[in-house]
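Good morning, colleagues. Today I should like to introduce a structure and to speak about contacts between its side chains.

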Amino acid sequence: MTTASLLPALMQLALLLAIAPLTGGVMRIAKARFQTRRGPGILQPYRDLHKLLKKGMVIPDTASWLFGAAPYVVFLSSLLAGLMIPMVAADAPLSFFGGVLAVVYLLGLGRFFLALGGLDSGSSFGGLGSSREMTIAALAEPAMMLAVFTVAIGAGSTNLSTVAHAALGQSWRFFAPSQMLAFAALLIVLIAETGRIPVDNPATHLELTMIHEAMILEYSGPYLALIEWGASIKQLVLMTLLVNTFFPFGLSPAWAAGGLPASLVWYVLKLLLLSGVIVLIETTNAKMRLFRVPELLAVAFVLGALALVSTFLF
Amino acid sequence: MTLSPDPQFGDKLINLMAALVLVLQIAMAGHRWLVTNIRIFGVQPFLLASIAATIGWFNHAPHLYFAAILTLALKGIVVPRLLEQVVQRVGIRQEIEPLVNQPLSAIVSGGLTLLGYVVAESFHRPDAGGAPESLGHNTLAVAVSLFLIGFFMMINRRKAVTQVLALLSLENGLFLAAISLTYGMPLVVELGVFFDVLVAVMVLGVLVHRIREAFDSMDVSKLDQLRG
């Protein structure tokens with residue numbers, strides 16, 4: 001890698017690390033306001049991470065090396081996936097490394113290790129959470145792949161930078177039914193993958209139906225900080241994927257100093273809008289029974305399949 | 001005219017709305033609650049009316065506006081009201097309880113959509129989208145899918161009210177096929193069809209009431225138990 005391409009990579013890395021907890025903070029406070037509560041400060045996720053990183057750790061006696069490896073894999077895989085998607089410029093720093101399939105399965109790798117970590121702790125809650133997480137992942141993945149293939153067929157490539165360039169070239173592409181259906185399918189997948197309310201409750205670890213929180217119940221201190229940070233980066237990666245492939249307005253075509261500030265403003269605006277939509281869904285819905293979640297994901301699957309079919313029709 | 005109609009734009013708009021109608025139909029097949037089902041059904045005519053109005057605008061066919069207004073008034077407002085009244089009067093349970101469970105119904109509907117596309121593919125002309133005369137021809141596949149899913153819902157459901165709903169959504173498919181292929185039938189025919197639907201809903205409402213009185217249930221599978 002030359003120095004010319006190193007600078008964008010470092011910038012995107014810094015952006016990922018900095019914005020990811022902020023997105024979570026914004027969503028948390030927006031949700032609190034919707035429920036007429038005051039809510040924590042917008043910087044609360046940073047304070048949480050700072051506190052956790054300073055603390056000591058308690059590691060279960062039954063845990064093996066996997067317990068310690070899982071947080072690093074979770075954190076690094078989501079970071080790597082984040083470098084492969086276009087954030088503020090259409091050229092992603094690591095786009096030569098792989099396309100959208102690599103992004104999806106890097107996130108899958110992180111999830112796999114998180115589930116292993118949950119099982120490795122030896123507590124019954126960890127196993128419960130891992131089993132639930134993998135069930136949901138297995139159902140969400142086909143829907144996600146169908147939607148992703150729809151986008152890839154529209155652009156003629158699975159490389160996300162090519163997709164972003166193609167999307168920039170075609171104005172009003174979102175009007176096509178296939179794109180709209182794929183967006184709806186991916187939105188449901190996003191909610192399921194990031195553990196948002198109709199599927200999982202991100203705010204509590206006091207429910208018997210918890211999924212993500214059950215897996216990481218035995219983690220503490222810096223390991224927990226890494227997992228939480230990794231989870232927020234994963235959420236940011238999926239949200240960026242959604243806003244930049246379907247609504248590429250304002251995306252700067254290349255890493256040139258002139259277009260970047262405007263592009264960054266657009267990016268933040270689009271993220272805020274998507275966060276608002278997710279918060280609206282979270283506040284207006286009740287959490288589903290665990291056995292109803294497959295129904296929601298079946299809907300996402302059908303939407304994805306329809307999107308793929310209508311690519312060939314309209 | 002200042003607002004120059006661009007058929008390409010109209011074509012995209014119609015495709016988008018047709019796709020939305022299809023999504024609503026699948027949502028109906030996959031949804032659990034009766035009242036929500038009636039409300040989803042109530043949204044469909046709005047989209048169909050907009051499609052009719054768009055085709056009428058681009059082809060300068062004013063009689064399509066009548067069809068659009070009638071669809072909106074009858075199927076969008078009157079029929080859902082009537083159905084909700086029937087549901088309230090009969091006081092049936094809210095859950096639909098189909099023969100095939102909901103997620104599977106949604107997936108079967110997806111499969112039927114594929115079938116619809118295969119059937120309609122021979123009529124598909126991708127390069128004809130530019131001319132105003134061929135506007136909306138590509139929605140035939142959506143219309144065929146609407147019939148098929150409507151039939152499936154009728155077979156799949158046990159209660160009379162839900163079957164009426166399925167019949168009406170099937171009729172929406174017919175309407176879409178009619179306006180997209182022929183720029184609407186003559187107004188007399190349209191009027192006939194609309195009043196047919198209205199009368200059908202009223203008669204079925206009464207029938208539902210009678211079934212309920214005679215059998216203490218809405219389940220049509222009990223109709224074979226004769227009373228002496």
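Let me begin with a definition: a residue is called buried under 20% relative accessible area, exposed over 50%, and partly exposed in between. Glu84(B), at 25% relative accessibility, therefore counts as partly exposed. Please bear in mind that the model is predicted.

I turn to the salt bridges. How many are there over all chains? The count comes to nine.

In chain B, the residue just mentioned, Glu84(B), forms a salt bridge with Arg39(B), and the closest N and O atoms are 3.5 Å apart. Arg39(B) belongs to helix α2, residues 34-59, while Glu84(B) belongs to helix α3, residues 63-90, so this pair ties together parts of chain B that are 45 residues apart in sequence.

Also in chain B, Lys75(B) and Glu171(B) meet through their side chains in a salt bridge, with an N to O distance of 2.7 Å. Here the link is between distant parts of the chain, 96 residues apart: Lys75(B) is in helix α3, and Glu171(B) is in helix α6, residues 160-182. Are these two partners buried or exposed? Glu171(B) has a relative accessibility of 13%, which means that it counts as buried. Lys75(B) is buried as well, its relative accessible area being 0%.

Salt bridges that share partners also join Lys31(A), Arg196(A) and Glu282(A) into one network.

Chain A offers a further pair, Lys234(A) and Glu193(A), whose side chains meet in a salt bridge at 3.4 Å, N to O. Lys234(A) sits in helix α9, residues 221-246, and Glu193(A) in helix α7, residues 177-193; the pair links distant parts of the chain, 41 residues apart. Both Lys234(A) and Glu193(A) are buried.

I now come to the aromatic residues. The structure holds nine aromatic pairs over all chains. Why is the pair of Phe67(A) and Tyr223(A) described as edge-to-face? Planes over 60 degrees apart count as edge-to-face, and the planes of these rings stand at 70 degrees, with their centres 6.5 Å apart, so the pair falls in that class. Phe67(A) lies in helix α3 of chain A, residues 65-83, and Tyr223(A) in helix α9, so parts 156 residues apart in sequence are tied together. Phe67(A) and Tyr223(A) are both buried.

Phe112(A) and Phe113(A) make another edge-to-face pair, 5.8 Å centre to centre, with 90 degrees between the planes. Phe112(A) is partly exposed, with a relative accessible area of 41%, whereas Phe113(A), at 18%, counts as buried.

Finally, Phe67(A) and Tyr223(A) form one aromatic cluster with Tyr72(A) and Tyr219(A).

How values were computed: Residues numbered from 1 in each chain as written. Chains lettered and ligands numbered in written order. Predicted model: local features only at pLDDT ≥ 70, side-chain atom pairs only at ≥ 80, totals over all residues. Heavy atoms only, no water. Salt bridge = Lys/Arg side-chain N within 4 Å of Asp/Glu carboxyl O. Helix = DSSP H or I, 4+ residues; strand = E, 2+ residues; numbered from the N terminus. Buried < 20%, exposed > 50% of the residue type's maximum accessible area, 1.4 Å probe, protein only. Phe/Tyr/Trp six-rings, centres within 6.5 Å; stacked < 30°, edge-to-face > 60°.
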